[in-house]
Amino acid sequence: LIPETPLGAYITTKEEKMEKEDNCCLCGKKFENQYDRNNAEPLANGDCCSDCNSEKVIPARMKEMGIG
């Protein structure tokens with residue numbers, strides 16, 4: 001891993017991302033490429049596909065923040 005960024009998040013290389021689980025932790029769909037991975041929190045501890053990110057994760061984050 002590359003050292004922590006000022007925001008406290010880790011940046012991973014493309015190879016490190018592809019070494020992770022190959023399927024979305026929410027729906028099980030196989031990731032199409034390394035750019036299809038998104039942080040699934042607060043719904044799960046893992047990576048989710050772009051569809052689940054936009055349909056499930058982002059709305060859950062907005063709800064936690066009192067938006068929507």
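**Figure 1. Contacts of Cys52 in the predicted model.** The model shown here is predicted. Beyond its neighbours within four places in sequence, Cys52 is in contact with Cys24, Leu26, Cys27 and Val57. Cys52 also belongs to the largest nonpolar core. That core has eight residues. Cys24 and Val57 are among them, and both also appear in the contact list of Cys52. The other core members include Phe31, Ala40, Ala44, Cys48 and Cys49. In soluble globular proteins, nonpolar side chains tend to be buried together.

**Figure 2. Cysteine sulfurs without disulfides.** How many disulfides does a search of the whole structure find? The count is zero. Why is Cys24 not bonded to the closest cysteine sulfur? That sulfur belongs to Cys27 and lies 3.7 Å from the sulfur of Cys24, too far for a bond. The cut-off for a disulfide is a sulfur pair within 2.5 Å. Cys27 is in no disulfide either. For Cys27, the nearest cysteine sulfur is that of Cys52, 3.7 Å away. Is Cys24 buried or exposed? Cys24 counts as buried, because its relative accessibility is 5%. Cys27 has a relative accessible area of 41%, so this residue is partly exposed.

**Figure 3. Gln34 in the loop ahead of strand 1.** Gln34 sits between helix 1 (14–19) and strand 1 (38–39), in the connecting loop. Its relative accessibility is 14%, so Gln34 counts as buried. The threshold for that label is under 20%. Which side chain does Gln34 meet in a polar contact of 3.3 Å? The partner is the side chain of Tyr35.

**Figure 4. A cis peptide bond at Pro42.** Where is Pro42 placed? Pro42 is in the loop between strand 1 and strand 2 (47–48). The peptide bond running from Glu41 to Pro42 is cis. Its omega is near 20°. Most peptide bonds are trans.

**Figure 5. Gly46 in the loop between the strands.** Gly46 has its place in the loop between strand 1 and strand 2. With a relative accessible area of 24%, Gly46 is partly exposed. Which residues does Gly46 contact, leaving aside neighbours within four places in sequence? They are Cys25, Asn38, Asn39 and Ala40. Ala40 is also one of the residues of the largest nonpolar core. Glu21 is 25 residues from Gly46 along the chain. The C-alpha atoms of this pair are separated by 8.5 Å.

**Figure 6. Lys56 on helix 2.** Lys56 is part of helix 2, which covers residues 50–64. Is Lys56 buried, partly exposed or exposed? Its relative accessibility is 36%, so Lys56 counts as partly exposed. Not counting residues up to four places away in sequence, Lys56 touches Leu26 and Leu43. Leu43 and Lys56 are 13 residues apart along the chain. Their C-alpha atoms are separated by 8.1 Å. Leu26 is in contact with Cys52 as well.

**Figure 7. The whole chain, for orientation.** The protein has two helices and two strands. In what order do the elements run from the N terminus? The order is α-β-β-α. Of the 68 residues, 22% are buried. The exposed surface is about 4,900 Å². Carbon and sulfur atoms supply 52% of that area. Among contacts with a separation of 6 or more, 10% come from residues 24 or more positions apart.

Terms used:
Residues numbered from 1 in each chain as written. Predicted model: local features only at pLDDT ≥ 70, side-chain atom pairs only at ≥ 80, totals over all residues. Heavy atoms only, no water. Core = buried A, V, L, I, M, F, W, Y, C linked by side-chain atoms within 4.5 Å. Buried < 20%, exposed > 50% of the residue type's maximum accessible area, 1.4 Å probe, protein only. Contact = heavy atoms within 4.5 Å. Helix = DSSP H or I, 4+ residues; strand = E, 2+ residues; numbered from the N terminus. Areas by Shrake-Rupley, 256 points an atom, 1.4 Å probe, with all protein chains shown as cover. Polar contact = N/O pair within 3.5 Å; in protein donor to acceptor, adjacent residues only side chain to side chain.
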